[in-house]
Amino acid sequence: MSATASAIAGQDALAQHILAQSTQGTIDVPAIQYSALSPIIIVFGVALAGVLIDAFAPAKARRGIQPLLAAAGFAAAFVAVVLLHTRRQVLAAGSLAIDGPTLFMEGAILAFALLAVLLVAERRLDSSGGAIVASAAITPGSPGATAQRSSAGVQTEVYPLMAFSVAGMLLFVSSNTLLIMFVALEILSLPLYLLAGLARRRRLLSQEAAMKYFLLGSFSSAFFIYGLAFIYGYAGSVNLGRIADAAGMVGANDTYLYLGMALLGVGLFFKIGAAPFHSWTPDVYQGAPTPITAFMAAGTKVAAFGALLRVFYVSFGGLRWDWRPMVWIIAILTMVVGAVLALTQRDIKRMLAYSAVAHAGFLLTGLAAANSDGLSGSLFYLVAYGFTTIAAFGLVTMVRTGDGEASDLSQWQGLGRRSPVLAGIFAFLLLALAGIPLTSGFTGKFAVFQAAVAGDATPLVVVALITSAIAAFFYVRVIVLMFFQEPGADGPIIVTRPTLTYAAVGIGAIMTLLLGVAPQPLLELAGTAATSGFVR
Amino acid sequence: MNSFPWLTLLLVLPAAAAVVVAAVPRRLGTLAKQITLAVTLVEFVLALLATIAYEPSRAGFQFAQKYSWIKQFGVSYSVGADGISLVLILLATLLVPVVVLASWDEVSDAGQPGASVAGRRSVPAFFALLLALEAGMIGVFAATDVFLFYVFFEAMLIPMYFLIGSYGLAKEQAQRSYAAVKFLLYSLFGGLLMLAAVIGLYVVSADQLGTGTFDFATLRQMDITPGVQKLLFLGFFIAFAIKAPLFPFHTWLPDAGAQSPTGGAILLVGVLDKVGTFGLIRYCIPLFPDASSYFAPMVLALAVIGIFYGALLAIGQRDMKRLVAYTSLAHFGFIAMGTFALTSQAGTGAVLYMVNHGLSTGLLFLVVGFLVARRGSRDVGAYGGMAQVTPVLAGVFLVAGLSSLALPGLNSFVSEFLVLVGTFTQYRALAIVATCGMVLAAIYILYLYQRTMTGPLVDEDARGVLDLSVREKIVVAPVVALIVALGVYPKPLIDIIRPTVTATFEDAGHTDPAPTAPVNASQPGGHS
């Protein structure tokens, strides 16, 4: 609450500042503090360097250099975020904001990107090396596609694509104008559309996923920019702070404002996978190469939530009584749709996708709380969920049949007998997703639900808890399959020693445990980030 | 002695041992058993020593420890024992070594018809789960922070879930999974309702005190508006009613009880379900005194329905384990009635009942488990005349049964009597009706005994069945001894329980009706 009060005070100060500037009649050359942008610049640099390396380095060298470069770049950017952790400023002529929530989410995105690189770089799982193919456009079923499936051809452009996407995500969470936000949205989305189509196995599904993601994604981008236009028409500015100023004044045509807000909302809700804009999620999560799915599930969710939180807290913070009912409805829909549809899934990746939808709903209760605790709770939840979901998808890549991943649930039967440790870790991750205490999932849920109750959203929390109970059923069902049933004759093959995947899954699982048992440091970090609030 | 961290030690020891035992390689099953037995025996000794160090006359929590855990939520690791939790910890630590010994062969011998699938399952994992369960049970009774209580309440489900799902009877895989999932989902659903109430409590405390807290002692001092109290009460109550279970939240219990391995069933019904009744008296009544009075008639009605419903269904069961599970439903009715009669006498009786029920039902499950291990069937019809071939087993069965039907001179009689007398001072008609339930108890127990143990031998194959082995005698001996001892001389336990129960009710503003209550009748209390 105090954060909003100070934000309002800051808003007045900014308005006076703008007024003072415009009377001077001179044009200021924007001063850009490059140091504050260093994480974004590093990742963009890595992406560009990656493109050059792909063009000029010999094939053998690329395989080694590219993942290392990407990982080093993400790590360096992460270090830069840590070094910047006290920065709070608006820069580049008000188009970018570096503040607590931004830095927190940048750190989260980079950490998830690092783990995802580990999964992508794994070459021991598929006999022909890696889960990614070189050419996404070859018609499935054609001789070329068959050759491609078993070819060990080098496909390293996946790393610069990921880097571009990560750079877009970083920009997305730090953009302080809707226009930059839109540009960032496209930068993060375009590489993802491509990446979704690069799965080595089940090419048709993968291509369908890419196509579907692209079409629906463009559609949602159109909604976003349409909303942007309305808002610009209303406020005369795309700057988030100025929009808030304009929204605070009386007399303007509110229809444009509400229309714009709704359309912007559609674009952002699409990205987080909230119902009724979620229909791409299961198809894309299923069709995309699993390491990329892991990356999307964790990274994109953080980025999209970051932007959503910023737009709704900064620009429309004064209108919370107008948007809260809408967020309530979407949150309830999202939770119910995610939990109920997950019950009927037979494919593990689709199930996790619907679970991602349900979790987006739980996260929205943090937004519906519309207070500082809700913000810090959401931040914590995003990190907690990201680690768990990356580990879960990483584990999915390890459970295979002769023909790629054993994605059908029936093939997971009796996994607990064949490899108890792996099944045990997966059971633990599922329990975390279900929100059992002593896992990060519980801490996260508790944080957002507690904020929501404090923010007078108790009915929403009750719905959330009931859907949690429904959701628990399909998580538990997988545990039943793995542990209480005999393995089938054509049970899964567990590939031994995929070191990088082990590392990614291990880190994810350990973080899931740590954030459940000793969550104070991260809660404190999230709390500090949230109470210092958004700058504008 | 009171500064010694008894409870933390009791909690950490089995948790650490669980990790160690889980790491024991599968082929060293015996080693895992030995470690587990040693640790659980040490636990029992520790609990006994703690009981000796406990001072019943002192008010408040003893052996209390408090360390900040998640300070953003106002959560602390805070444990403490009062009379109620102490006797339940004692019960838990007593039953676990009994269960370990009882499961000694059940989990290693796949050849016998009644052996569990555990023969092909990892033996160390079974015992690691038992130890984890013990840690959870200690934690849930010792916690004096509502959040910590909730954490243990939920976390405890997971080992029990795997015990039912992985180690039940071999040939009934589908039913095992069904029972395990049903158990988990029922409990999770209740738990989530409780979570809503826990969060609500936290927000109320944040409103009233400035900073939110989960500290039980602080929370019980708060004055919550009656409307809010009712909602929060229901959140807690439904969770506990599912856990206990009370009618109509009980349908998971017969399945879970029947499908568990013997050891799992004993701990499930003997101790885990006590968490529900414990929660009623520890959390519902002190935290929501007005709501407790408001809802007391409803709870009492459910309790009496449970007494009859459980007894009638028990009479009709052919599956012995289900039968025992249904008898527990009737017993939980008595416990809930004693708790919500809101007199110190009935409350003391209810807490004593929790301990006694753990012993008598534990023994019943043990005996039934022995029978099933010998003949491979839970069906009553497969037995008959067993007393001829297994006289010792039959004798133990009779003791367990008589304890269950509250024969004077055995432990349950004292508690049932206290509950009924204590209820009578408040609700005469109800107590009279409930007393009739005792007749039904005699029917289901004696009928079961008659059908399985007396008469001619039904099946000539049963002629070769062995009587109790030395190990099995060692398993039942302490329980039988306690059943008799507590029936003759229950004073030590009552002395521990009564001050806490009296204080709990008085703090909540429930005083005993003056003329008939022997305890603290002359003391003025805050009338609600």
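**Exercise 1. A helix and its length**

What should the 26 residues of helix α18 of chain B span at 1.5 Å a residue, and how far apart are its end C-alpha atoms?

*Solution.* Keep in mind that we're working on a predicted model.
- Step 1: Helix α18 of chain B covers residues 428-453.
- Step 2: The expected span is 1.5 Å times one less than the number of residues, which gives 38 Å for this helix.
- Step 3: The end C-alpha atoms of α18(B) are 38 Å apart, so expectation and model agree.
- Step 4: Look just past the helix: α18(B) is followed by B:Gly455, whose phi is positive, near 80°.

**Exercise 2. Sizing up the two chains**

Work out how the radius of gyration of chain A and that of chain B sit against the value for a compact globule.

*Solution.*
- Step 1: Take chain A, with its 21 helices and 5 strands. For 536 residues, a compact globule would have a radius of gyration near 24 Å; chain A comes out at 23 Å, which agrees.
- Step 2: Add the dimensions: the C-alpha trace of chain A spans about 75 × 55 × 40 Å along its principal axes.
- Step 3: Now chain B, which has 20 helices and 2 strands. Its 528 residues also call for a value near 24 Å, and the 22 Å of chain B agrees with that.
- Step 4: Along its own principal axes, the C-alpha trace of chain B spans about 70 × 55 × 40 Å.

**Exercise 3. Taking the interface apart**

Describe the contact between chain B and chain A, starting with its area and ending with the makeup of chain B's side.

*Solution.*
- Step 1: The two chains bury about 3100 Å² between them, and carbon and sulfur atoms give 77% of that. On the chain B side, B:Trp69, B:Phe73 and B:Ile199 supply 17% of the area buried against chain A, more than any other three residues.
- Step 2: Count the participants: 34 residues from chain B and 31 residues from chain A.
- Step 3: Check the polar side of things. There are 5 residue pairs in polar contact across the interface, both partners at pLDDT 80 or more.
- Step 4: Ask which elements of chain B take part. Those giving two or more residues to the side touching chain A are β1 (62-70), α5 (146-155), α6 (157-167) and α7 (173-209). The largest share, 16 residues, comes from α7(B).
- Step 5: Sort that side of chain B by class, and you get 23 nonpolar, 6 polar and 5 charged residues.

**Exercise 4. The bridge between chains**

Find the salt bridge that crosses the interface, and say where its two partners lie.

*Solution.*
- Step 1: The count over all chains comes to 14 salt bridges.
- Step 2: B:Lys71 is in the loop between β1 and β2 (75-81) of chain B, while A:Glu524 belongs to helix α21 (residues 520-532) of chain A, so this pair joins two chains.
- Step 3: Their side chains meet at 3.0 Å, N to O, inside the 4 Å cut-off for a salt bridge.
- Step 4: Across the interface of chain B and chain A, the tally is 1 salt bridge.

**Exercise 5. Backbone oddities**

Where are the cis peptide bonds at A:Pro276 and B:Pro245, and what is up with B:Leu342?

*Solution.*
- Step 1: The bond from A:Ala275 to A:Pro276 is cis, with omega near 5°. A:Pro276 sits in the loop between α10 (254-272) and α11 (280-287) of chain A.
- Step 2: In chain B, a cis bond joins B:Ala244 and B:Pro245, with omega about -15°. Look for B:Pro245 in the loop between α9 (226-243) and α10 (252-259).
- Step 3: B:Leu342 isn't a glycine, yet its phi is positive, about 60°. This residue is in the loop between α13 (320-340) and α14 (344-375) of chain B.

Key: Residues numbered from 1 in each chain as written. Chains lettered and ligands numbered in written order. Heavy atoms only, no water. Helix = DSSP H or I, 4+ residues; strand = E, 2+ residues; numbered from the N terminus. Buried area = accessible area lost by both parts, 1.4 Å probe. Polar contact = N/O pair within 3.5 Å; in protein donor to acceptor, adjacent residues only side chain to side chain. Nonpolar A, V, L, I, M, F, W, Y, C, P; charged D, E, K, R; others polar. Rg over C-alpha atoms; globule rule 2.2 N^0.38 Å.
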